[in-house]
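Trainee: I have a new structure open and would like to go through it with you. Could we begin with what the word "pocket" stands for?

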Amino acid sequence: MTKLLVCLTGMPGAGKSTIAEGLKPKGYEIINLGNAVREEAKKRNLDPTRENLGKLMLELRKKNGAGAIAELVKPKIESSIANVLLIDGVRSNDEIEVLTKLGTVKLLAIHASTDTRFSFLQKRGRSDDPQTKEHFNERDNRELGVGVSNSIALSDFAISNIGLTKEELIKKSYDIIQRWVE
């Protein structure tokens, strides 16, 4: 059976990781592309700061092509015994191209307003989360620069994460994925 790769895409703070974490108990394997960059930073003894992770992500893409971050997780996907994997944080068509060689790709876009996303990111507490509006805008511009708007535009389905509870967001996502599985 071909693996189903459910790729979560959207701007930072839209709710991708919330969905991934919320669906983990349903038995889905989660692969986070941002974590792949964090692991690479650790190998290079770089502090996982906003600046370092942003620069490293761009450097990897420049050196190894625009699909470089998806290439980092290829071994995990290939060795996985799961039939359905959630790929959290797809940011470009080039990453999607890498992933289509590993299974059937379905793209789920998550939208949220700028204010909602900024609020989520301030509360989330990752080392690279922006704490100022200026850093938030810098990160958004970097993400747009690597092509996240294209992956959002090409999504198979989109969820608006405005006014939803965490539980509602997870349930909506689960229902969509179940339709893809069947």
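Mentor: A pocket is an open set of grid points where a 1.4 Å probe fits, with protein on both sides within 12 Å along at least five of seven lines. Please keep in mind that this is a predicted model.

Trainee: Okay, so what volume does the largest pocket have?

Mentor: The largest pocket has a volume of about 580 Å³, and among the 36 residues that line this pocket, the closest to its centre are Gly 13, Ser 17, Leu 121, Arg 124 and Arg 126.

Trainee: Which element gives the most to that lining?

Mentor: That is α3, which contributes five residues to the lining of the largest pocket. By residue type, the lining of the largest pocket divides into 11 nonpolar, 10 polar and 15 charged.

Trainee: Back to Arg 124, then: where is its place, and what does it touch?

Mentor: Arg 124 belongs to helix α6, which covers residues 114-124. Leaving aside residues up to four places away in sequence, Arg 124 touches Ser 17, Asp 129 and Arg 139.

Trainee: Why does Arg 124 count as partly exposed?

Mentor: Because its relative accessibility is 32%, and partly exposed covers the range between under 20%, which is buried, and over 50%, which is exposed.

Trainee: New topic: how do β1 and β4 run, parallel or antiparallel?

Mentor: Strands β1 (residues 4-9) and β4 (residues 104-111) run parallel and are joined by six bridges, and one of the partnerships is between Val 6 and Lys 106 in β4. β4 also pairs in the parallel sense with strand β5 (residues 157-160), over four bridges, where Leu 108 has Phe 157 in β5 as its bridge partner.

Methods:
Residues numbered from 1 in each chain as written. Predicted model: local features only at pLDDT ≥ 70, side-chain atom pairs only at ≥ 80, totals over all residues. Heavy atoms only, no water. Helix = DSSP H or I, 4+ residues; strand = E, 2+ residues; numbered from the N terminus. Buried < 20%, exposed > 50% of the residue type's maximum accessible area, 1.4 Å probe, protein only. Contact = heavy atoms within 4.5 Å. Pairing = 2+ DSSP bridges. 1 Å grid on protein atoms, 1.4 Å probe; cavity = no way out; pocket = protein on both sides within 12 Å on 5 of 7 lines; lining within 4 Å. Points joined across faces, edges and corners; volume = space filled by probe spheres on them. Nonpolar A, V, L, I, M, F, W, Y, C, P; charged D, E, K, R; others polar.
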